[in-house]
Each structure stands twice: as structure tokens, then as C-alpha cells.
Amino acid sequence: MASKTMRPVLDTRALNRATLARQLLLSRAEMSAQDATRHLLGLQAQNVKPPYFQLHARLAGFGPAELAGLMESRQVVRMVTMRSTIHTHTVDDALTLRPLVQPARDREINYFRKGLVGVDLDRLAECARAFVEAEPRTMAEIREELLEEWPGADPQSLSVAARCRLPLVQVTPRGVWGKSGQVRLTTLHQWIGEKETEGGEGAAGEVGEVGEAGGIDAAVLRYLGAFGPASVKDMQTWAGLTRLREAFERLRPGLEVFQDENGVELFDLPDGPRPDAEQPAPPRFLPEFDNLLLSHADRSRVISPELKGRSWSGNQAHCTLLLDGFLAGLWKLDGDAMLTVELFSAVSKAGRAEIVAEGEALLAAMSEDRPGGSVRFGSIHG
């Protein structure tokens with residue numbers, strides 16, 4: 001929405017540097033993996049390895065074992081939250097963000113209503129809960145169990161309804177670095193037991209208190225802390241929700257308000273970092289589906305208009321390279337030994353040397369068996 005009042009203008013580079021600072025990408029943070037996961041409101045995790053690479057790009061001294069340990073000790077979990085996609089969250093955020101996006105999950109079920117004729121959704125949730133809390137189950141097993149109760153229903157619609165109605169987590173070893181395992185699901189409550197949130201409330205009310213103003217307002221402030229300055233539409237894109245303007249309006253008196261070069265109103269925390277637009281931004285290797293590239297309606301703060309769509313092939317996202325804070329290429333890791341970088345345009349000799357140094361650091365930190373390897377420039381498509 002274009003602003004009707006003239007506000008201070010933040011140009012694309014200013015927005016880029018502010019967002020990189022929030023995303024811990026201007027310099028690696030001296031922060032634990034758990035604290036970083038919370039600060040970032042979760043890590044996009046359609047695949048197993050991306051959360052580990054996201055933290056490597058952002059944290060000083062990060063090693064995969066740190067996040068793997070949090071997974072195994074059930075301090076972080078993998079579950080569907082924003083945009084109906086899998087994220088790695090701290091337990092506290094799993095308990096608070098999952099209810100926040102419940103309205104979107106309810107709308108998602110509506111797309112499958114034709115396959116759910118005659119299905120009592122409350123009864124479906126009860127049956128699915130009892131089944132997965134007895135022991136973790138695959139989605140195929142959940143489908144088969146629900147078909148016993150509703151044989152005339154569409155199998156996919158039944159499984160979607162169960163996933164949307166219940167806060168299901170993927171249990172380990174799925175998601176643990178260096179291990180493999182089939183996707184098996186149970187409820188968040190069953191998996192974490194009686195852990196308490198920071199506010200002191202236990203897990204018993206997993207999906208309760210949906211849509212309360214206080215919870216939404218807190219999420220707005222945290223979103224701005226991790227992705228700001230941002231518009232209402234930006235946060236709605238990140239969360240997969242609508243009708244968030246009311247929350248921004250409630251918070252407006254305590255926020256800084258700017259506009260972008262197109263006149264779109266941007267909100268920010270008063271103390272949010274907004275570095276000089278010319279502050280250097282080092283090369284960073286980001287995994288597929290990194291939150292930085294998915295969490296704004298207008299992504300020109302990171303992706304130049306002429307490169308729109310270059311980080312995707314069909315429905316598959318590529319791993320991306322940032323140079324000077326902006327999308328500048330793709331990369332692919334072959335085994336533990338070779339990192340191939342595809343540049344979209346010419347880069348100076350000094351710039352290439354910086355890319356190589358960053359790539360070698362990635363190989364040294366993230367190679368599972370044999371630290372080392374080499375970086376080469378070429379096409380990731382062979």
C-alpha cells in the first residue's frame with residue numbers, strides 16, 4: 001500500500017543492508033544456534049540440510065553438531081508453520097507460532113473439502129491424534145488409519161486435514177545432520193512432553209488461543225526484528241496470513257515509519273539496525289529456500305529485477321550466492337570435495353578470491369567426512 005504521507009525514504013541498498021544486519025549476514029554473529037534460530041523465527045527446512053547451511057552463513061564457529069544436538073535433545077523441532085512449509089523452530093516458537101498460523105491451515109483444508117464430504121474434522125483430529133501419539137507414524141500410515149474410519153473420502157484430503165488440524169512434528173533421526181530416517185510424525189505435545197515456554201505456560205494448550213492480539217503483535221515486532229524494515233504485505237507473505245494491518249496500526253505509535261522508493265509504507269523497530277548503505281557485505285553461500293529470499297512481498301532488496309526467477313528451475317530452488325548483499329550466482333556441492341559456483345556476471349579477481357575463501361570455509365566446516373575440498377567456477381547444470 002502506497003503511503004499517503006511523505007516519510008523518510010529508504011532506497012534499495014539501505015533496505016538491503018538493514019535486512020542483512022537483521023539476518024546476521026553482514027558479519028557472523030557470536031550467538032548460539034538456539035538463540036539464532038529463535039531470532040530468525042525459525043529456519044526454512046523443506047530439506048534436511050538447509051537449516052545447517054543457514055546457520056553456517058550467519059554464525060561464528062558454527063558446526064553441524066550444535067544444531068543436531070538441539071534436534072536430538074528436542075529443544076528444536078521440525079514442523080509445518082509459515083506458508084504451509086516445514087521450518088525448524090525452537091520449542092517456544094513451535095508453541096507460539098503454530099497457533100498464529102492456524103487460520104491459514106484452516107483455509108488450506110477448505111481447498112480439499114470435496115474430498116472430505118461426510119468427514120467430521122473434529123473427529124478426524126481426535127483419531128489422528130490418538131494414532132500418532134501411540135507412536136510416531138508416517139503420513140501413509142496416517143492416511144490408511146483414517147481411511148478405515150472414512151473409506152469413501154479422498155486419501156490425500158484426509159492426510160492434509162490431519163496435518164492442518166494438528167501440530168505435527170517430524171521426529172528424529174529425521175533432520176539430524178549425518179543421519180537419515182523416514183519422515184515420522186507425532187504431536188508437538190507428545191514429542192516435547194511438559195516443557196514450558198518462556199512465558200511459563202506448558203504445552204498442553206498446543207493450538208489454543210489462536211489469533212489473540214497480544215500474540216500477533218509480538219510476532220509483528222519479532223518479524224521486524226528479523227526482516228525489517230517491512231510493509232504489512234511483506235509480513236503477510238512471510239507468515240502466509242492476511243489481515244495483519246490491524247496489528248501494525250495498533251503498534252504504529254511505537255514504531256518508526258519509512259517508505260520505499262515506490263512510496264510503499266515500511267515499519268521498523270525504533271532501535272532496529274539500519275547500517276550505512278555503503279557498508280561492505282561479504283560473500284555468503286545460502287542454501288535453497290533460505291528465509292532471506294522468501295520473506296518479503298517485494299524481494300528487490302535482495303534480488304535485482306533483472307535476476308527475478310534465476311534462483312529457481314521449475315519448482316526447485318537453487319542454492320544462492322550473495323555478493324555485495326545481492327543475489328549474484330548459484331552454487332552446488334558435489335559430495336564433500338567440490339563446490340561449483342555459477343556467476344551471473346563478471347566478478348573481479350579480488351571478488352573471486354573472496355568467493356573462494358568463503359567457499360573453502362564452508363567446505364571445511366560442513367563436509368561430513370573429509371574436511372577440505374575445492375571451489376571451482378562453472379555451470380551448476382553441468
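Helices and strands here are DSSP runs, numbered from the N terminus, with a helix taking at least four residues. Keep in mind as you scroll through that this is a predicted model.

With that naming in hand, start at helix H4, residues 64-72. Just after H4 comes Arg74, and its phi is positive, near 65°. Back inside the helix, the buried residues are Pro64, Leu67, Ala68, Leu70 and Met71. Look down the axis of H4 and those buried residues fall within an arc of 160°, so they line one face of the helix. An α-helix has 3.6 residues a turn, so residues three or four places apart point the same way. What sits on top of the buried residues of H4? The cover includes H2, H3, strand E2 (76-80), strand E3 (86-90) and helix H14 (349-366).

H3 is worth a stop of its own. This helix spans residues 50-58 and holds Gln54. Is Gln54 buried or exposed? Its relative accessible area is just 1%, and since anything under 20% counts as buried, Gln54 is buried. Leaving aside residues up to four places away in sequence, Gln54 touches Leu43, Gln44, Pro287, Asp290 and Asn291.

Now swing over to helix H1, residues 12-22, which is mostly covered: 8 of its 11 residues are buried. The buried set is Ala14, Leu15, Asn16, Arg17, Ala18, Thr19, Leu20 and Arg22. And what do they pack against? Their partners are helix H2 (33-39), H11, strand E7 (265-268), strand E11 (319-323) and strand E12 (326-334).

Follow H11 next. This helix covers residues 213-227 and packs with helix H12 (residues 232-239) at an angle of about 95°, the two axes lying 11 Å apart. That angle makes H11 roughly perpendicular to H12. On the H11 side of the contact you'll find Ala219, Val220, Tyr223 and Phe227, which meet Asp234, Met235 and Trp238 in H12. Sorted by class, the contact of H11 with H12 has 6 nonpolar, no polar and 1 charged residues.

Helix H8, residues 139-149, is another one to look at end-on; Ile142, Leu146 and Leu147 are buried there. Viewed along the axis of H8, its buried residues fall within an arc of 135°, so they line one face of the helix. Among the elements covering them are helix H7 (121-134), helix H9 (155-165) and strand E5 (185-187).

Between H7 and H8 runs a loop, and Glu135 lies in it. Glu135 has a relative accessible area of 44%, so it counts as partly exposed. For a sense of distance, go back to Ala18, one of the buried residues of H1. The C-alpha atoms of Glu135 and Ala18 are separated by 45 Å, and the two residues are 117 apart along the chain.

Last, the cysteines. How many disulfides does a search of the whole structure find? The search comes back with 0. Take Cys127, which is in no disulfide: the nearest cysteine sulfur, belonging to Cys164, is 17 Å away. A disulfide would need the two sulfurs within 2.5 Å. Cys127 has a relative accessibility of 15%, so it counts as buried. Cys319 is buried as well, with a relative accessible area of 15%.

Terms used. Residues are numbered from 1 along each chain as its sequence is written. This is a predicted model: local features need pLDDT of at least 70, side-chain atom pairs count only at pLDDT 80 or more; totals for chains, interfaces and linings use all residues. Side-chain values use heavy atoms; hydrogens and water are left out. Buried means under 20% relative accessible area, exposed over 50%, partly exposed in between (1.4 Å probe, protein chains only). Axes are lines fitted to C-alpha atoms, for helices over the stretch in contact, and angles run from 0 to 180 degrees between N-to-C directions. Helices (H or I, at least four residues) and strands (E, at least two) are DSSP runs, numbered from the N terminus. Angles under 35 degrees count as roughly parallel, over 145 as roughly antiparallel, 65 to 115 as roughly perpendicular and the rest as oblique. Contact means heavy atoms within 4.5 Å. Ala, Val, Leu, Ile, Met, Phe, Trp, Tyr, Cys and Pro count as nonpolar, Asp, Glu, Lys and Arg as charged, and the others, Gly among them, as polar. The arc is that of the directions from the helix axis to the C-beta atoms.
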